[in-house]
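Colleague: I should be grateful for an explanation of the terms applied to this model. May I ask about them one by one?

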Protein chains: 2
Amino acid sequence: MTSATTVRGSDCQAIAPCWSENFREIPDLHFDIRLLISDPPHVASRLGFDCTPQGSFLGLPINGKRVSFTENVFYEFRSEKIAQVWSVIDKAAIEAQL
Amino acid sequence: MTSATTVRGSDCQAIAPCWSENFREIPDLHFDIRLLISDPPHVASRLGFDCTPQGSFLGLPINGKRVSFTENVFYEFRSEKIAQVWSVIDKAAIEAQL
């Protein structure tokens, strides 16, 4: 997971491996859905994270420290599947906690 | 403008001065609306910026260099006015261009 992710249709099989990698880097990965709005074919969500990434995360040396941050993300659906993702993670909020 | 901005109802008069400050720091400030989705009372948008901030911006030494970045932002409307804003700017994208 980079701080800004755009996944296009042809890459959408990449989403599952991407989350697998995230769970390896962040064993307690979970998030709260703080906002969820729908305007088909798009869904937008503001997600809140409170977790302890191991090693580095987004290029920052977290090393098991607990950090809280948000992600604002758009999804485009086609045929009931996510076809494209536009995400921005609040890296500056994490930097401020280190 | 910080990389992540949450403006609540009582702070919403802060939005105009905030943009004034942005125009002073970024004389050529403009943005493209890349995504705009509406689910009342919320609107979410992905904005694309291509501009030349003077001095520092988001704590980064830009000094007139041209940078491109995105912002994913949610607005909550009440009585036809913006009552709350939840924004994340892609600071990492700017860092990668310096």
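Colleague: Why is Phe31(B) called partly exposed?

Modeller: Its relative accessible area is 36%. Buried means under 20%, exposed over 50%, and partly exposed in between, with a 1.4 Å probe and protein chains only. Phe31(B) is therefore partly exposed, whereas Phe49(B), at 1%, counts as buried. This is a predicted model, in which local features need pLDDT of at least 70, side-chain atom pairs count only at pLDDT 80 or more, and totals for chains, interfaces and linings use all residues; side-chain values use heavy atoms, without hydrogens and water. Residues are numbered from 1 along each chain as its sequence is written, and chains are lettered from A and ligands numbered from 1 in the order in which they are written.

Colleague: How many aromatic pairs are there over all chains, and what makes Phe57(A) and Phe69(A) a tilted pair?

Modeller: The count is six over all chains. The ring centres of Phe57(A) and Phe69(A) are 5.7 Å apart and their planes stand at 45°. Rings of Phe, Tyr and Trp (its six-membered ring) pair if their centres lie within 6.5 Å, and planes under 30 degrees apart count as stacked, over 60 as edge-to-face and the rest as tilted. The pair is tilted because of that 45° angle. It links distant parts of the chain, 12 residues apart: Phe57(A) is in strand β4 and Phe69(A) in strand β6 of chain A. Strands are DSSP runs (E, at least two residues), numbered from the N terminus.

Colleague: Are Phe57(A) and Phe69(A) buried or exposed?

Modeller: Phe57(A) has a relative accessible area of 1% and is therefore buried; Phe69(A), at 3%, counts as buried too. In chain B, Phe31(B) and Phe49(B) also form a tilted pair, with 5.4 Å between centres and 55° between planes. Phe31(B) lies in strand β2 and Phe49(B) in strand β3 of chain B, so this pair ties together parts 18 residues apart in sequence. In chain A, ring pairs join Phe31(A), Phe49(A), Phe57(A) and Phe69(A) into a cluster.

Colleague: How do you know that β2(A) and β3(A) pair?

Modeller: Two strands pair if DSSP finds at least two bridges between them, and β2(A) and β3(A), which run antiparallel, are joined by eight. One of these partnerships sets Asp39(A) against His42(A), and the two strands form a hairpin with two residues between them. Strands β6(A) and β7(A), also antiparallel, share eight bridges; in their hairpin, Ser79(A) takes a positive phi near 50°.

Colleague: What makes β7(A) mostly covered?

Modeller: Seven of the nine residues in this strand are buried.

Colleague: Why are the two copies described as related by a two-fold rotation axis?

Modeller: Chain A superposes on chain B by a rotation of 180° with 0.0 Å of shift along the axis, at an RMSD of 0.0 Å. The fit is by least squares on C-alpha atoms of residues with pLDDT of at least 70 in both copies. The copies are thus related as by a two-fold rotation axis.

Colleague: How many residues of each chain are in contact?

Modeller: With contact meaning heavy atoms within 4.5 Å, 25 residues of chain A meet 25 of chain B.

Colleague: How many disulfides are there over all chains?

Modeller: A disulfide is a pair of cysteine sulfur atoms within 2.5 Å, and the count by this rule is zero. Cys51(A) has a relative accessible area of 0% and is buried.

Terms used. Helix = DSSP H or I, 4+ residues; strand = E, 2+ residues; numbered from the N terminus.
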